[in-house]
Amino acid sequence: MKSKKQTKVDNIPMLTIVSNALVMQKNFADGRPIPLIIIDTTEYTEVRRAIELHAGTNEGEVNFTWGRTKDSKYITLVVEAISPVEIKYMIVFEANMHCSVLDVILKTRLLYIQAGEVGDKISRKLDSPRILFELPITDFESEIKQILEKEKVKSFKRMNVKKRDLKKVIKGFDAEWNSFTAKRFK
Amino acid sequence: MVVSTSIEVSDIVAMIACVISIFCAFFSLWQAKTAKKAYDLQKKIYLDGFSHLELNIRDSFVYDDKNEEKLFIFFGIVVNNLSDKQTSIKKCVLSLLCEEDVIYKPSLSEKEDCFYKELSKFEIPQNLGAHSSHAGWLKYEVSREIYMKININTFVVCVEDIHGVRALDNAVFVREELHNYEIEKANQS
C-alpha cells in the first residue's frame with residue numbers, strides 16, 4: 001500500500017494509520033477488547049521516539065482533541081502529550097475504513113498507539129513499544145457516531161443492499177458487532 | 001415689540017442648577033459602578049464560603065491473589081478543599097459501571113494484611129482545612145465470583161463531605177497486579 005503524502009497542519013504532524021487490530025488480554029483492563037493502531041511515523045522520528053520513551057512509564061499526562069474534515073470523510077485526533085515527553089501530533093482516521101476502530105474506541109475509551117511504517121502488521125510487531133491511552137468523554141462523540149452511521153449506510157448501499165432492506169440489515173449487523181465487541185477475555 | 005437679551009439672575013441660577021444636576025448624574029453613575037463591584041466581590045466571598053471539593057485519581061490497581069477469595073481495588077486519590085471553610089470527608093464510594101447498566105458498589109475493605117505498608121491510607125472521616133488538600137489510598141474489596149461475572153466499563157470514585165457536597169473522578173483503565181499466578185513446574189519423575 002502506497003503511503004499517502006503526509007503534511008502538517010498548524011505545524012502538527014498528520015499521521016495516518018497503517019494497521020489496526022483489537023487486542024484482548026486476560027487480567028488486563030478486565031479482558032475487554034482494546035483497539036490498537038500502528039501509525040506511520042516514517043517521516044516523523046520524533047513521534048516514534050516519544051512513543052518509545054512514553055511506553056516505558058506507567059503514567060503520563062495527555063490532552064486529546066477530536067475533530068473532522070469539512071466533508072466528514074476524515075476524523076482527526078490531536079494528541080498533545082505533556083508528560084513524560086512533550087509532543088503534539090494528529091492521527092487521521094478515514095471514516096469509512098476505520099469505522100470499526102472508532103466504534104470500539106468510543107465504547108471502551110481506550111486506545112493503543114504504536115509507531116511503525118507502511119507495511120507493518122500488528123501480528124509481526126507484537127513486541128514493539130506501545131502506549132495505552134484513556135480517552136475522555138467529549139461532546140464530539142455524538143457527532144462521530146452520526147458520521148459512522150452515515151458511513152455504515154453508504155457501505156451497505158455500495159454492497160447493493162436494497163433501500164427497503166437497509167434498516168433490517170443494519171440492525172442485524174449492529175447486533176452481531178455489539179455482541180462481538182462486548183466479549184471479555186476472562 | 002422689544003425682546004430683552006440680557007441674562008437675568010434667575011437664568012444664572014437655572015444654569016448653575018443644571019450643571020450641578022449633570023455633575024450629580026455622573027457622580028451617581030460612578031457610585032452605581034462602584035456599588036456593583038462591591039456587590040460582585042461580596043458575592044464571590046459568599047460563594048467561596050460554600051463547600052467546594054475537587055477529586056483526582058492519581059493511581060489505581062486491582063490486587064488479584066490467586067489464593068484469595070476476594071480481589072482488592074486500590075485508588076490513590078487527592079481531595080482538594082477549595083472553600084474558605086474547613087470541612088470533613090465522611091464518605092468515599094466506588095461505583096463500578098458495568099455493561100447492561102449494572103452499577104456495583106463494593107465496600108471499603110478493613111483487611112490490613114495485604115495492604116501495602118508504603119501506601120498511606122485515606123482515613124474516613126478525614127478533616128480538610130480551608131484551601132487544603134489531602135492524599136491517600138482507598139481499598140475496596142470484591143468477591144472473585146462477582147468480579148468475574150461483571151464486565152466493568154468505568155470505575156467512578158465519589159467523595160462526599162459533611163455538608164453533602166460531592167466530587168467525583170473516574171478511571172477506565174485500572175491495571176491488575178497478579179499474585180501467585182506463576183506456572184508451577186511439573187515434578188520430574
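Author: A polar contact is a pair of N or O atoms within 3.5 Å; within protein, one must be able to donate a hydrogen and the other to accept it. This is a predicted model.

Reader: Fine. How many residue pairs are in polar contact across the interface of chain B and chain A?

Author: The rule finds 13 such pairs, with both residues at pLDDT 80 or more.

Reader: And what is the salt bridge count between chain B and chain A?

Author: One. B:E99 pairs with A:R184, and the closest N and O atoms are 3.3 Å apart.

Reader: Which elements of chain B supply at least two residues each to the side that touches chain A?

Author: β1 (53-65), α2 (144-149), β8 (152-161), β9 (166-171) and β10 (175-179) of chain B. β8(B) gives the most, with three residues.

Reader: How do the residues on that side of chain B divide into nonpolar, polar and charged?

Author: Eight are nonpolar, four polar and four charged.

Reader: How many residues does each chain bring to the contact?

Author: Chain B brings 16 residues and chain A brings 14 residues.

Reader: What area is buried between chain B and chain A?

Author: About 1,400 Å². Carbon and sulfur atoms give 42% of that area.

Reader: Which residues in chain B lose the most area to chain A?

Author: B:V172, B:F173 and B:E176. Together they account for 44% of what the chain B side buries.

Reader: New topic. Where is B:V78 found?

Author: In strand β2 (residues 70-81) of chain B.

Reader: Is B:V78 buried or exposed?

Author: B:V78 has a relative accessible area of 17%. Buried means under 20%, so B:V78 is buried.

Reader: What does B:V78 touch, not counting residues up to four places away in sequence?

Author: B:E54, B:L55, B:N56, B:R58, B:S133, B:H134 and B:A135.

Reader: How many Å apart are B:V78 and B:C98 in space?

Author: They are 25 Å apart, C-alpha to C-alpha. In sequence they are 20 residues apart.

Reader: Over to chain A. What is its secondary structure?

Author: Four helices and eight strands. Along the sequence, chain A reads β-β-β-α-β-β-β-α-β-β-α-α.

Reader: Why call chain A as compact as a globular protein of that length?

Author: Its radius of gyration is 17 Å, close to the 16 Å that the globule rule gives for 186 residues, so chain A is as compact as a globular protein of that length.

Reader: What box do the C-alpha atoms of chain A fill?

Author: Roughly 50 × 40 × 35 Å, along the principal axes.

Reader: What share of chain A counts as buried?

Author: 44% of its 186 residues.

How values were computed
Residues are numbered from 1 along each chain as its sequence is written. Chains are lettered from A and ligands numbered from 1 in the order in which they are written. This is a predicted model: local features need pLDDT of at least 70, side-chain atom pairs count only at pLDDT 80 or more; totals for chains, interfaces and linings use all residues. Side-chain values use heavy atoms; hydrogens and water are left out. Buried means under 20% relative accessible area, exposed over 50%, partly exposed in between (1.4 Å probe, protein chains only). Contact means heavy atoms within 4.5 Å. Buried area is the accessible area (1.4 Å probe) that two parts lose on being put together, summed over both. A salt bridge is a side-chain nitrogen of Lys or Arg within 4 Å of a carboxyl oxygen of Asp or Glu. A polar contact is a pair of N or O atoms within 3.5 Å; within protein, one must be able to donate a hydrogen and the other to accept it, and residues adjacent in sequence count only if both atoms are side-chain atoms. Ala, Val, Leu, Ile, Met, Phe, Trp, Tyr, Cys and Pro count as nonpolar, Asp, Glu, Lys and Arg as charged, and the others, Gly among them, as polar. The radius of gyration is taken over C-alpha atoms; the globule rule is 2.2 Å times the number of residues to the power 0.38.
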